[in-house]
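Trainee: Got a minute to go through a model with me? I'd like to talk it over before group meeting.
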Amino acid sequence: MSLSSSGVATSSPGRAQPLRVRVAARRPVAERVEEFVLTAVSDDPLPAWSAGSHVDLVAPSGVVRQYSLCPADPGVYRVVVERRADGRGGSVSVHDDLAVGDETWISLPRNHFALTRALEYVFVAGGIGITPILALIDEARSAGRPWRLLYIGRTRAEMAYVDDLVSAHPDHVIVHESRVSGRLTLSDALSGSARGTAVYACGPAAMLDAVADACAPQPAVDSFTERFTAAIAESVPNREFELSLAMSGVTLTVPEDRTILEALDGSGVVAPSSCREGMCGTCETGVVSGEVDHRDAVLSPEERAENESMMICVSRCTSGRLVLEL
């Protein structure tokens with residue numbers, strides 16, 4: 001089985017979903033939040049991964065969603081899924097239809113949120129954003145670096161693993177329940193960070209923007225974020241542009257109301273894709289020429305400035321003509 005460019009499961013293994021897995025166990029870890037333990041259907045263990053990695057998972061409905069990997073035994077994956085009624089139905093399908101013993105497909109792990117070397121770490125998690133943070137905390141502890149966690153949620157009952165974290169690390173974890181204590185001022189909570197501190201945050205966009213704003217004026221304090229949705233700021237209005245594919249020789253027009261990926265779909269050109277929201281990196285494509293308006297949440301500012309690749313599900317062209325390595 002694989003995924004078509006529309007994200008619907010098809011019948012043979014493909015680039016985006018090469019691993020067949022079975023649900024070995026599942027359990028609730030907070031209100032509307034379930035933990036799933038995945039093992040390989042074959043006799044081989046699942047591949048090793050690094051802290052900050054995520055996988056694509058095919059829900060029974062065929063929708064593909066990205067989930068961070070949480071610490072688990074070697075060869076086994078653990079993902080945590082929050083049931084979100086306001087999404088495309090992937091989390092609802094996983095909650096309602098993926099039972100212990102069922103099989104599905106996942107991608108190989110990808111990492112856009114790896115831990116950089118730093119003198120010390122501050123981790124900020126908003127709700128389900130705790131999931132990639134768990135493995136990052138383990139790595140920071142293994143490196144012997146000072147760390148602390150600021151865990152923010154509406155109520156304690158909605159915060160996965162909160163009691164385990166507080167019990168295991170009482171001097172390192174601060175829990176903030178916004179429904180009880182009101183909105184947290186992150187500029188105050190992060191002020192005075194020591195030089196050489198790396199702040200890692202995952203959660204809602206407003207929280208991540210506040211973390212970046214709080215860190216920006218502090219000398220030698222860097223922030224790294226992972227978003228639930230891409231920060232797609234339309235820096236310039238959408239305009240029609242010409243798209244040429246260097247390897248296949250195809251030339252087509254991308255209208256202002258369609259993405260590059262949608263234009264390729266309509267022209268019968270198959271390109272790998274998964275989330276279609278600028279989040280997962282599956283559709284990253286090399287740029288031969290043309291100026292790119294990057295709108296993804298994958299590439300770093302340095303990578304965007306190099307103009308060597310782009311996420312064709314959300315990013316566009318500002319130079320009138322774009323040539324891609326397809």
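Mentor: Sure, let's go through confidence, the cores, a sheet and one buried residue.

Trainee: What does the pLDDT average for the protein?
Mentor: This is a predicted model, and its pLDDT averages 89. At least 70 is what 91% of the residues score.

Trainee: Where is the pLDDT below 50?
Mentor: Over residues 1–17. That stretch still has 49 contacts in the model beyond near neighbours in sequence.

Trainee: OK, switching to packing. How many residues are in the largest nonpolar core?
Mentor: There are 31. Those with the most contacts inside this core are Tyr-121, Phe-123, Ile-130, Ile-133, Leu-149, Tyr-151 and Tyr-200.

Trainee: And which elements give two or more residues to this core?
Mentor: On the strand side, strand 1 (19–30), strand 8 (120–126), strand 9 (147–153) and strand 11 (197–203). The helices are helix 2 (130–142) and helix 3 (162–168). Helix 2 gives the largest share, 7 residues.

Trainee: Which residues does Phe-123 touch?
Mentor: Leaving out residues up to four places away in sequence, Phe-123 touches Leu-115, Ile-133, Leu-136, Ile-137, Ala-140, Trp-147, Arg-148, Leu-149, Leu-150 and Tyr-200.

Trainee: What's in the second, separate core?
Mentor: That one has 24 residues, including Val-269, Val-292, Val-314 and Leu-324. As a general point, nonpolar side chains in soluble globular proteins tend to be buried together.

Trainee: Now the open sheet. In what order do the 5 strands come?
Mentor: The order is 14-13-19-15-17, with mixed pairing. Strand 14 (251–254) and strand 17 (309–311) are the edge strands, each pairing on one side only. From one strand to the next, the twist averages 40 degrees.

Trainee: Do me a favour and zoom in: are strand 15 and strand 19 parallel or antiparallel?
Mentor: Antiparallel, over 2 bridges between strand 15 (residues 284–289) and strand 19 (residues 321–324). For Ser-289, the bridge partner in strand 19 is Val-323.

Trainee: Last topic, Glu-34. Buried or exposed?
Mentor: Glu-34 counts as buried because its relative accessible area is 15%, and the cut-off for buried is under 20%. Glu-34 is found in strand 2 (residues 33–40).

Trainee: Which side chain does Glu-34 make a polar contact with?
Mentor: Arg-26, with the two side chains joined at 3.3 Å.

Trainee: What else is Glu-34 in contact with?
Mentor: Setting aside neighbours within four places in sequence, Glu-34 also contacts Arg-27, Pro-28, Val-29, Val-79, Val-80, Val-81 and His-95.

Note on methods: Residues numbered from 1 in each chain as written. Predicted model: local features only at pLDDT ≥ 70, side-chain atom pairs only at ≥ 80, totals over all residues. Heavy atoms only, no water. Pairing = 2+ DSSP bridges. Helix = DSSP H or I, 4+ residues; strand = E, 2+ residues; numbered from the N terminus. Axes fitted to C-alpha atoms, helices over the stretch in contact; angles between N-to-C directions. Buried < 20%, exposed > 50% of the residue type's maximum accessible area, 1.4 Å probe, protein only. Polar contact = N/O pair within 3.5 Å; in protein donor to acceptor, adjacent residues only side chain to side chain. Contact = heavy atoms within 4.5 Å. pLDDT = per-residue confidence, 0-100. Core = buried A, V, L, I, M, F, W, Y, C linked by side-chain atoms within 4.5 Å.
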